[in-house]
Amino acid sequence: MERRDGQVNVPKMSSLSARSMEFNRRWGIAKQVKSTGWPQTHPNDFVYCTSMCGYELARVKVAPYVERPLAYSPEPPCGCASIFYEPVLVQHIESLPSVSTKLRHSLDAFTQDADGVSATVTNHVTGENEVIRCQYLVGCDGASSSVAKGLGVTYEGVGTLTKSVNVFFRSPDLHRIHDKGWARFYRFTDGNGSWGELIPLDGKELFRLSTFEADAAFDADAAIRRLVGKDVGYEVRSVLRWDRQERVVDRYNDGRVFLAGDSAHANSPTGGLGLHTGLADAVDLGWKLYAVLQGWGGDALLSSYALERRPVAVNNVRACTNEYSFLSGLMGGPEIDQDSETGAALRKQWSEGFHEIHQWGGYQFNDNLRMGYCYEESPLIVPDGTTAPPLDSPEFVPVARPGTRAPHAWITPDRSTLDLFGQGFVLLRLGPDAPSGEGIARAAATRGVPLAVVDVPDPEIAALYDRALVLVRPDGHVAWRSDEAPADPASLIDRVRGTRAVAVVSDEGTMTRRFRIEDIDSIFERPRRGE
Ligand SMILES: Cc1cc2nc3c(=O)[nH]c(=O)nc-3n(C[C@H](O)[C@H](O)[C@H](O)COP(=O)(O)OP(=O)(O)OC[C@H]3O[C@@H](n4cnc5c(N)ncnc54)[C@H](O)[C@@H]3O)c2cc1C
């Protein structure tokens with residue numbers, strides 16, 4: 001349910017992380033996302049300058065999307081602002097037969113009891129109110145979440161860091177009058193210090209300025225003149241005031257009501273981690289709710305949501321504040337934008353200092369932060385005693401330790417291991433001598449747990465996963481791995497499905513499917529509305 005009409009008029013999010021793109025790939029929309037928004041052949045540089053027509057202070061070069069394959073992911077990060085991304089997402093959601101959408105509907109209030117949730121809703125098309133009875137409610141309603149308020153959560157973290165402003169404007173001539181070329185981000189430091197960033201959205205004429213701070217007297221026209229450094233024609237589309245925050249709710253759920261995305265955590269956009277964290281929340285909670293509704297998931301599944309996702313959010317919001325402190329703390333100097341000896345010396349000093357501190361590129365490039373986390377403390381995960389690669393390094397080392405994102409490797413030139421995940425559990429049999437996994441498959445089948453057994457003979461992939469049997473959850477995280485079949489497969493399956501109680505739903509083994517790598521296309525069948 002969404003109170004708007006599914007279109008976004010005010011761009012906030014501008015870049016999708018590699019992990020977010022992996023989810024888009026899973027949902028079958030990655031190609032569409034890549035082809036909308038930021039052109040794939042434009043550079044993705046980060047340019048630091050006094051103004052668009054002023055002096056360049058530093059540049060972090062980042063290759064265009066088409067030249068940027070990643071060893072550890074089938075999907076590099078992608079520039080795609082929310083004005084382009086969300087309509088693609090809405091269209092996809094509306095194509096799913098399992099989903100009914102209610103656009104232009106608002107949630108007004110809710111109550112819950114032992115059996116479900118009653119949501120009071122206003123239909124903005126008819127103006128009428130209705131009460132929707134549901135089994136669960138997930139508040140994905142943003143930083144001013146009424147669901148969070150209804151739950152009476154408290155927030156932990158610094159709270160509001162600054163008051164900021166986004167100015168969304170159109171200027172077909174801007175890119176013609178400066179010498180910086182196309183870049184993903186332009187960040188400004190002038191005589192008054194570091195004050196904001198400009199993001200081109202479509203690689204043509206649409207731009208978004210975000211200031212680091214803005215007082216009540218903020219003047220959008222003056223800000224555009226300041227960032228350009230010359231006169232240029234433009235048309236302001238919207239001005240959005242927003243609070244830059246660092247906070248995470250104390251509880252991710254209460255009974256049948258859950259929070260996901262910005263309703264649970266809010267961070268400074270510096271770092272591009274907001275939607276990245278929110279999408280992963282939805283992926284984590286989605287399969288757990290599905291499992292419970294289908295009858296094969298136990299109570300520990302739903303309580304594991306907060307245990308798995310909250311620590312990730314805490315880490316991410318802090319990282320974004322650190323990045324913000326770094327960027328907004330870059331000192332200017334009264335003559336940094338002047339054609340003078342002092343100005344030149346200041347620029348040189350600025351550039352050397354920047355490169356020294358920022359040599360690894362900041363959180364915007366840190367995929368270890370984005371993908372290296374591990375749900376090791378979760379009751380659903382069976383740790384294997386191995387040591388985690390360090391999280392405080394920007395270098396992401398893909399591993400298949402229980403709790404981590406199962407690593408990417410190409411099975412065929414266009415098929416990733418990640419393409420196997422998303423529909424149910426997957427038991428990978430890696431290398432030539434893997435045990436059969438029959439016991440696990442049988443235990444899953446008797447409990448109604450969807451599980452596919454997939455043989456992956458490739459020795460390089462077997463080495464990457466580092467065990468002969470690897471059990472991957474529907475969200476793509478490793479639940480368990482071993483070189484040997486488990487002594488008690490029933491107890492393993494009960495653990496990963498969040499229950500210790502054995503509920504036998506079938507003796508037939510019908511939920512377990514065995515695949516050879518050549519046949520894996522059939523795992524990817526995605527029902528569409530009307531098909
Ligand atoms: C300037 C800026 C730049 C950013 N850049 C990035 C980036 O590059 N990468 C990134 O990953 N993240 C970025 N983010 C963060 C990202 O935009 C948010 O994390 C993301 O939009 C959160 O998604 P959400 O669905 O949780 O909340 P929202 O996007 O806020 O969506 C909540 C939705 O709920 C609807 N709603 C609210 N209340 C109700 C109600 N009562 N009934 C019905 N509907 C309701 C709203 O209309 C809205 O559509 C940025 C944020 C800002 C402010």
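A residue is called exposed when its relative accessible area is over 50% and buried when that area is under 20%. V158, a residue of strand β9, therefore counts as exposed, because its relative accessibility is 56%. The model discussed here is predicted, with an average pLDDT of 91 for the protein and 93% of the residues scoring at least 70. The points below take up strand β12 and its partners, helix α12, the internal cavities, and the stretches where confidence falls.

**Strand β12 and its neighbours**

- Strand β12, which spans residues 206–211, is mostly covered, with 6 of its 6 residues buried.
- In a regular strand the side chains alternate between the two faces of the sheet.
- In β12 both faces are covered, since L206, R208 and S210 are buried on one side, while F207, L209 and T211 are buried on the other.
- Strand β9, residues 155–170, runs antiparallel to β12 and is joined to β12 by 5 bridges; within this pairing, N166 has S210 as its bridge partner.
- Strand β11, residues 193–200, also pairs with β12 in the antiparallel sense, over 5 bridges, and here G196 stands opposite T211.
- The two strands β11 and β12 form a hairpin with 5 residues between them, and G203, which lies in the turn, has a positive phi of about 70 degrees.

**Helix α12 and its separation from V158**

- Helix α12 covers residues 489–496, and the buried residues in this helix are P489, L492, I493, D494 and V496.
- After α12 comes G498, for which the model gives a positive phi near 80 degrees.
- D494, one of the buried residues of α12, and V158, the exposed residue of β9, are 336 residues apart along the chain, and their C-alpha atoms are separated by 39 Å.

**Internal cavities**

- A search of the whole structure finds 3 cavities of 30 Å³ or more.
- The largest cavity, with a volume of about 80 Å³, is lined by R19, E22, R25, R26, L418, D419, F421, D475 and G476.
- By class, the lining of the largest cavity is made up of 6 charged, 2 nonpolar and 1 polar residues.
- The second largest cavity holds about 50 Å³ of space, and its lining consists of R19, F23, A280, V283, D284, Y373, Y375, D475 and H477.
- Two elements, α1 (18–26) and α6 (274–294), give two or more residues to the lining of the second largest cavity, and the largest share, 3 residues, comes from α6.
- The lining of the second largest cavity divides into 5 nonpolar, 3 charged and 1 polar residues.
- R19 and D475 appear in the lining of the largest cavity and also in that of the second largest cavity.

**Where confidence falls**

- Over residues 501–512 the pLDDT stays under 50, and the model has 23 contacts for this stretch beyond four places in sequence.
- Over residues 521–531 the pLDDT likewise stays under 50, and here the model has 27 contacts beyond four places in sequence.

Notes. Residues are numbered from 1 along each chain as its sequence is written. Side-chain values use heavy atoms; hydrogens and water are left out. On a 1 Å grid over the protein atoms alone, a cavity is a set of points where a 1.4 Å probe fits but cannot get out, and a pocket is an open set with protein on both sides within 12 Å along at least five of seven lines; lining residues have an atom within 4 Å of a point. Grid points are joined across faces, edges and corners, and a volume is the space filled by probe spheres set on the points. Ala, Val, Leu, Ile, Met, Phe, Trp, Tyr, Cys and Pro count as nonpolar, Asp, Glu, Lys and Arg as charged, and the others, Gly among them, as polar. Helices (H or I, at least four residues) and strands (E, at least two) are DSSP runs, numbered from the N terminus. Buried means under 20% relative accessible area, exposed over 50%, partly exposed in between (1.4 Å probe, protein chains only). Two strands pair if DSSP finds at least two bridges between them. pLDDT is the predictor's confidence in each residue, from 0 to 100. Contact means heavy atoms within 4.5 Å.
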